[in-house]
Amino acid sequence: MVKKKNILICFDRDGTIIYDDKYHLGSQKNWKDLIRFRRGIFGSLKMLNKKLPDAKIYMISNQSGVAIKDFPLLTEKKSREVCRYIVNLIKERGVDLEKCFVCPHTTKAYTKSHPQFTFDKKILCNCKCNKPLPGMVLEALRDAGWKRENTSIYIVGDRASDLQTAHNARGFGILVPFGNRPGEKKLVGKLKDKERHISKNFGDAVEFIVHRENGLRA
Ligand SMILES: [Mg+2]
Ligand SMILES: [Zn+2]
């Protein structure tokens, strides 16, 4: 493994930073009341800031719900507002977090796996930001002003597709399993890329990154 100059860490939002009750946050009037952070988030992120002070932390989120016609309140603008609001709540707790990138598009695969909804066909497109495509990670890299060659990239998420995103961005993927998706661990087992790790929880994922980076830098 090669020592790299910069460290970029992207955390998924739903199911990783906050609970994912499949409620398409932003589709309700009282969405602010529905935000529930996963246990230990703030302490772990502060620890990450302290142990790897030069690392830059981002949140990345697919918000395919924007394309669902049954949720008229969940516009692209609203999805970005929800993300900014969550980022601010985290910052208010003393965490150094850069910003959030959102993919408000949707894919054919998503519409097929959610037959209970009707979709706005206009938002069904071949964008480059819908995970597992690496677009949002590359945006974060640009925002940090770093090049991929000399940046150690981590993606932390609750789905196998988050680890595929890491692979596509030539980074390291970490799965933090979330209760309502028991199948993800199995899917991760099928991925060919070995640049990955399964954590017990969020704190464990953060510790893993710190240890791995210290190992690379020793
Ligand atoms: Mg997720
Ligand atoms: Zn997109």
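1. Helices (H or I, at least four residues) and strands (E, at least two) are taken here as DSSP runs, numbered from the N terminus. This is a predicted model, in which local features need pLDDT of at least 70 and side-chain atom pairs count only at pLDDT 80 or more, while totals for chains, interfaces and linings use all residues. Residues are numbered from 1 along each chain as its sequence is written.

2. Strand 1 (residues 6-12) is mostly covered, since 7 of its 7 residues are buried, that is, under 20% relative accessible area with a 1.4 Å probe, protein chains only. Asn6, Leu8, Cys10 and Asp12 point one way from this strand and Ile7, Ile9 and Phe11 the other way.

3. Strand 1 pairs in the parallel sense with strand 4 (residues 151-157) over 6 bridges, where pairing requires at least two DSSP bridges between the strands; Leu8 has Ile153 as its bridge partner in strand 4. Strand 1 also runs parallel to strand 2 (residues 56-62), to which 5 bridges join it, and Ile9 stands opposite Ile57 there.

4. The largest pocket (an open set of 1 Å grid points over the protein atoms alone where a 1.4 Å probe fits, with protein on both sides within 12 Å along at least five of seven lines) is lined by 31 residues, meaning those with an atom within 4 Å of a point. Asn62, Tyr110, His114, Arg159 and Arg181 lie nearest its centre. Strand 2, helix 3 (108-113) and helix 5 (160-168) each give two or more residues to this lining, and the largest share, 4 residues, comes from helix 5.

Key:
Chains are lettered from A and ligands numbered from 1 in the order in which they are written. Side-chain values use heavy atoms; hydrogens and water are left out. Buried means under 20% relative accessible area, exposed over 50%, partly exposed in between (1.4 Å probe, protein chains only).
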